[in-house]
Amino acid sequence: MLTIRTQQGRLIEILLQSELCDPVNMGEYVRAFCHIHGSDHQRSLSINTSNGWGHCFNAECNVTVLVAEWNPGVAQRLIHLYYRGLSPGFSASHQYQSAPRRTPLVSQPLLLHSTNVPPQWQNDERSALLSLDKQMRTALERSRRARAYLNERGISLEVAISNGVCYLPAALLKLPELQKQRGLLNRWAERILLPLTSPAGKGYIGRSLWHWQPGMDENVHKKLLDQPDRPRRWIKTNPAGWFGHDLDQLSGCLILVEGAFDRLALLTAGFRPEVVVALVGTALQIDWFPHEVKSVVLALDGDEGGMDAMRRLAECLARSGLCVSLCPPIQDGCGKDWSEQWRRKGPPSLRPIYEVYTGLLRSA
Ligand SMILES: [Zn+2]
């Protein structure tokens, strides 16, 4: 067992699965006797097997634990921070406990993570898109309509191209050599595609340009698509992931935004690609971050959902030893997200992010 104190002063006990006292599998959770306060009357320790985090329900103990094997990325990060003693105010002490009084039975239920294995058609769809990547990139450069769309959202074509943005024109699917893939790829026609990255590999998210005309307001187009029986505004491959740089090359201080176009707005404004990550509806997985990541600016949407998510994520990130700052867009009627703010107000709209980000860099 390793006891770690985060910058926020929270204590986290990092445990190995073998240290759990007589654990029982309750589905998503595992309950065990708490060897930290030493109770064997009830299994007061409850641990979520999908992320390794748990706590003791005993009010006097209330310990937060992390089972290393169930969240190796975060456990590794915390241990790494501990041994490097990097962050000021971050300290840890470790103690080797004697073996738990109750050795877990060999016959304990298998604690398996749920695995999300995509059906075959989704594998085929993703492969087909990946094989067209080069042609779709060229199509973005050539399509007047796709270029106009980016332009009206205030996105530099150069930034879009260098960050792997591409376009699937309906005409490309008519090529005889794509006859086989046509059925799978039809739903991607007339979409701007943005590459996604995840430990499971590359994927895409696609924004429909169905019935979009140059000069059409973004919110009008959104309403048009949000009606029943219209193409979905956004679709994703499975696995999906984040729209960002390769995970192992992410910067030590990150800015997290919600939407793909929020990220493109920030990049057009001059933020480096390795600094900005768009979650695009994929849950924040701290174990996807490389060890270098120390601080995060949460710049999600300014609506109720975004604010809620920011509060939840801030707690989760802080618990993992990261420095967190919140920076929702100013609610001035110019848009709930950074993309809209950028479209309407240009560079001054991103000043709050710039200030929070540079402040966090200085304090790191
Ligand atoms: Zn306890």
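Helix 10 (residues 304-319) lies across strand 15 and strand 16. Against strand 16, helix 10 runs at about 165°. This is a predicted model.

The two strands under discussion belong to an open sheet of four strands, in the order 14-13-15-16. The pairing is parallel. Strand 14 (276-278) and strand 16 (323-326) are the edge strands, each pairing on one side only. Neighbouring strands in this sheet are turned against each other by 25° on average, direction ignored.

Now take the pair formed by strand 13 and strand 15. Strand 13 covers residues 253-257, and strand 15 covers residues 295-298. They pair in the parallel sense over four bridges. Which residue of strand 15 does Cys253 stand opposite? That residue is Ser295.

Next comes Ile255. Leaving out residues up to four places away in sequence, Ile255 touches Leu266, Phe271, Val275, Val276, Val297, Ala299, Ile353 and Tyr357. Ile255 is also among the residues with the most contacts inside the largest nonpolar core, together with Leu266, Leu298 and Ala299. That core has 64 residues. Which helix gives the most to this core? Helix 9 does, with six residues. Where does the core lie relative to the domains? Domain 2 (120-236) and domain 3 (247-363) both give residues to it, so the core lies between them. Apart from this core lies another, of 23 residues. Its members include Ile14, Leu45, Val67 and Tyr82.

Helix 9 deserves its own look. The helix spans residues 260-268 and is mostly covered. How many of its nine residues are buried? The count is nine of nine. Nonpolar residues are not alone here: Asp262, Arg263 and Thr268 are buried, as are Ala260, Phe261, Leu264, Ala265, Leu266 and Leu267. Leu266 thus appears again, in helix 9 and among the residues with the most contacts inside the largest core. After helix 9 comes Gly270, with a positive phi near 115°.

Finally, step back to the whole protein. Its secondary structure comes to twelve helices and 16 strands. Of its 364 residues, 37% count as buried. Contacts can also be sorted by sequence separation. Among those with a separation of 6 or more, 61% join residues 24 or more positions apart. One of the touches already named, Ile255 with Tyr357, links strand 13 to a residue further along the chain.

Notes
Residues numbered from 1 in each chain as written. Predicted model: local features only at pLDDT ≥ 70, side-chain atom pairs only at ≥ 80, totals over all residues. Buried ≥ 20, exposed ≤ 12 C-beta atoms within 10 Å, placed from the backbone. Contact = placed C-beta atoms within 7 Å. Core = buried A, V, L, I, M, F, W, Y, C linked by C-beta atoms within 7 Å. Domains from an automatic or database assignment. Pairing = 2+ DSSP bridges. Axes fitted to C-alpha atoms, helices over the stretch in contact; angles between N-to-C directions.
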